[in-house]
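Hello,

Here is the structure we talked about, handed over for your own look. My notes on it follow below.

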Amino acid sequence: MDNPKKGTSRRDFLKTSGIAAGALVGGGVLGGLVGYNAKGGNGKSGGEQTKDPANKHEMQTRGLMFFQNPEEFNVLSQATERIFPEDDLGPGAIGLGVPYFIDNQLAGNYGSNAKEYMQGPFFNGEATQGYQSRLTRAEIFRQGIALMDEEANKRFKKNFTDLEGGQMDEILTDFQKNQIDMKGVSSEFFFKLLRQATLEGAYADPIYNGNANMEGWKMKGFPGHQMAYINVIEDEKFQVIEPKSISSMQH
Amino acid sequence: MAKTLDKVDVVTVGVGWTGGIIAAECAKQGMKVRGLERGKERGTKNYAMIHDEYRYAIRYELMQDLSRETITFRNNLKMRPLPMRQMGSFLLGENLGGAGTHWNGMTYRFLPYDFQIKTETEKKYGKNKLSSDYLLQDWGITYDELEPYFDKFEKTIGLSGEDTNPFWGKRTSDFPTPPMKKTPLLKKFEKATKDLGYHPYMVPSANLSEPYENPDGSKINACQYCGFCERFGCEYGAKSSPEVTVVPAALKTGNYDITFHANVVEVLKKGNKVTGVRYIDTQTGEEFIQPADVVVLTSYIMNNAKLLMVSDIGEQYDPNTGKGTLGKNYCYQIEPGATGFFDDQMNVFMGAGALGMTIDDFNGDSFDHSNEGFIHGASISFTQSGTRPILSNPVPSDVPVWGAEFKKASIENYTRSLSVFGQGASMPHKNNYLALDSNYKDRYGVPLLQMTYNFTEQDRNLHKFITDKTVKIMKEMGAKKTEGGNPLTDYDIVPYQSTHNTGGTTMGADPNTSVVNNYLQHWDMENLFVVGAGNFNHNSGYNPTATVGALAYRTAEGIQKYREKGGMLA
Ligand SMILES: Cc1cc2nc3c(=O)[nH]c(=O)nc-3n(C[C@H](O)[C@H](O)[C@H](O)COP(=O)(O)OP(=O)(O)OC[C@H]3O[C@@H](n4cnc5c(N)ncnc54)[C@H](O)[C@@H]3O)c2cc1C
Ligand code: SF4
């Protein structure tokens, strides 16, 4: 309990409580499994990525609200793309605008932990006690991203964004496995935030600047905002429905 | 300093289901009632842009602002209690309607067995079925005594359902509205469980199957199966909630008003009576004293317990001596389950909060526990409540959790996986309890509530037993691959499990073992009533709100009796 490195979440996330794998069920029970599937992460990052889908030019035609320079933002972009890469199903994190989503969120209530209890004193707790850092998410991201670049330079004498996919994965995996020293938080916790935010950006309504063109939803077969399913809910057939954003309600 | 307001007949702390029911019933009887609610006003018109998973389900827009107030938590007496800094395991309510705004609406009555669990267990299995570490208690009321109040709550909310379950208690009247639509996915569960010899029935639902006008004249609309129900408010006014039922009924009388942004910090007392409450206006910081003839705590189990503790009403439970009742018998629930992966795509994104089917073949005492290392059990359900893409990325356990393989598998399985889950009953244990924290305070300088809780051996045995059943059902439903949940380890406050917290202000027939009597009147303070799932002596295998609602109706009757006769009602 007094090991400062242990941070907030030492175990595999959600490898707890005997929750069924990937379960998302109603009744106000279970749910919230944005994190790892309940069997716990096995630390693998999956197969090789075929090409670098970053369209750096396009990235810089949009403004940044939180990040202060393109380097930080590009590290974030590449990291999210490794987590959720482009493939034959469709765009990856960058193509979906996930880095902009995260940038925007870090500039707002999410980044400043506005709805969370942030009063001290702070102690390292057990994993079962959850987040105990005095750092806000914005501070954690800033530190974590700088460290990714540092690790890249240390290990490969290159900037993170110049690494091969596999080299990025090696660094990300070490973050995930808590092998990187971070101040005031565990690297595992940072990785969890990063992964979660990537999925949020891929699948949140496009009003938040991710899920570009609703491509995230299209890949998944989720129709987004629909007023009602009462007329089709008894059909046996799988319904392919053109997705709609809630922005469609405003005009 | 504090400004003293004019006295009212009844003041309630918090305006969710319990606060709304007390208000409606007392105001109808002519009492002047004031609701104090720490949050803001809201209603159906504010849910027009609710189909937003990120804002409402992930960032908890409708729920408690933890920057103002939270709880502290530890698993056992040796661990340092630390604040729950982010919402996780359960989602606390705030603002008009409380958690009744964003609940699912699965509305089960607890079983007759639940209310007399100690007597029933001893009768059937002898005195030593559970060790003396488990603080099993009868509730001081029977199912039959509570039945009229269940009936009343169900008529208020227009509950949709069918009376085909052989295991639950006798009902005096039919469900007010017919069951919801039986979708192809529900039929899959129905057929599988029937083939296994079980007894599936439609989940009693507060998402109404047809438009309904309740006895108070409140109108509830028909559910559109929009799929944004659990964690969301209903834009159609089709999910029974306090804002569309009891609150308007109370306001209609002219005897009720609500003060918003009023955070109650103390119950004031004199001798064996309370005199009112003290609250802080969260917008101006001003302090007010609201005097009242009757004070009703309707602020959910956490704040109900905390307010009694900070106001020094009743005796705090001490796990070392076993003395005291306040804070005792805190229970949660256990959530065994199985996920199945299928070949075909399914319409999982359609649904409603309480659209589902359930079996009670392994709930309560409906099966023989002689050879089992636990009592009670779990309801086992399949629900189609609308699976959303951020929260649902199901992959088999041999798939990595990020990267190319993860992306493929999570997209593939989003529409090709289903889950069957149990809501497992939880028995009170001497080391699980609520108290006041000595380190951390809320925004108003009041100590936080402290929770000491872990799963027990009974929970682990039950979890394993029910997990096996859910795996069998999922296989029978035709999954090509089925995975049951991991064995239960320590309780973890991080992942969402259920907002079914119970205990801490238990009810009973004996002041030595309970906090309130069976009218939920405080044993030490005759004009103080404490209402909520905190009154439960243990947690059952169901969602709590029907039982909470029934108890609230009984309390309202108690308040009326108290006004006529005074003194202790039981
Ligand atoms: C996502 C979710 C799904 C659920 N699904 C179901 C379900 O399907 N079936 C079921 O039976 N139950 C379900 N529940 C549980 C159900 O919502 C609760 O049992 C019920 O709402 C409790 O009502 P209550 O009046 O006791 O408390 P609440 O609804 O929590 O109301 C308490 C009110 O008191 C206010 N308050 C608290 N402290 C103070 C204070 N100090 N001063 C002033 N005001 C205060 C709060 O702001 C709140 O508005 C679900 C809950 C959640 C979160
Ligand atoms: S599913 Fe039905 S009750 Fe729930 S929010 Fe949608 S329309 Fe309302």
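Subject of these notes: a loop, a patch, a ligand and a domain

In chain B, the loop that joins helix H5 (143–157) to helix H6 (184–195) holds Phe167(B). Please keep in mind that this is a predicted model. Phe167(B) has 27% relative accessibility and therefore counts as partly exposed, since that class lies between under 20% for buried and over 50% for exposed. Between the C-alpha atoms of Phe167(B) and Pro112(B) there are 9.6 Å in space, with the two positions 55 residues apart in sequence.

Met227(A) is also in the partly exposed class, because its relative accessibility is 39%. In chain A, Met227(A) sits in the segment that follows helix H8 (215–220). On the surface, Met227(A) forms a nonpolar patch with Met249(A) and Met49(B). Together, the three have about 240 Å² of accessible area.

Next, the ligand. Around ligand 2 there are 13 residues, of which Cys223(B), Gln224(B), Cys226(B), Cys229(B) and Cys234(B) come nearest. Sorted by class, this shell consists of nine nonpolar residues, three polar and one charged.

Last, the annotation. An unreviewed UniProt entry lists residues 428–552 of chain B as "domain: Glucose-methanol-choline oxidoreductase C-terminal". In the model, helix makes up 22% of that span and strand 18%. The C-alpha atoms at the two ends of residues 428–552 of chain B are 23 Å apart.

Regards

Conventions:
Residues are numbered from 1 along each chain as its sequence is written. Chains are lettered from A and ligands numbered from 1 in the order in which they are written. This is a predicted model: local features need pLDDT of at least 70, side-chain atom pairs count only at pLDDT 80 or more; totals for chains, interfaces and linings use all residues. Side-chain values use heavy atoms; hydrogens and water are left out. Patches are made of residues with over 30% relative accessible area and no salt bridge: like charges are joined within 9 Å, nonpolar side chains (Val, Leu, Ile, Met, Phe, Trp, Tyr) within 5 Å. Accessible areas come from the Shrake-Rupley method with a 1.4 Å probe; for residues, only the protein chains shown count as cover. A salt bridge is a side-chain nitrogen of Lys or Arg within 4 Å of a carboxyl oxygen of Asp or Glu. Helices (H or I, at least four residues) and strands (E, at least two) are DSSP runs, numbered from the N terminus. Buried means under 20% relative accessible area, exposed over 50%, partly exposed in between (1.4 Å probe, protein chains only). UniProt positions are given in the numbering used here, feature names are shortened, and annotations may be inferred rather than shown by experiment. A residue is near a molecule or strand if one of its heavy atoms lies within 4 Å of it. Ala, Val, Leu, Ile, Met, Phe, Trp, Tyr, Cys and Pro count as nonpolar, Asp, Glu, Lys and Arg as charged, and the others, Gly among them, as polar.
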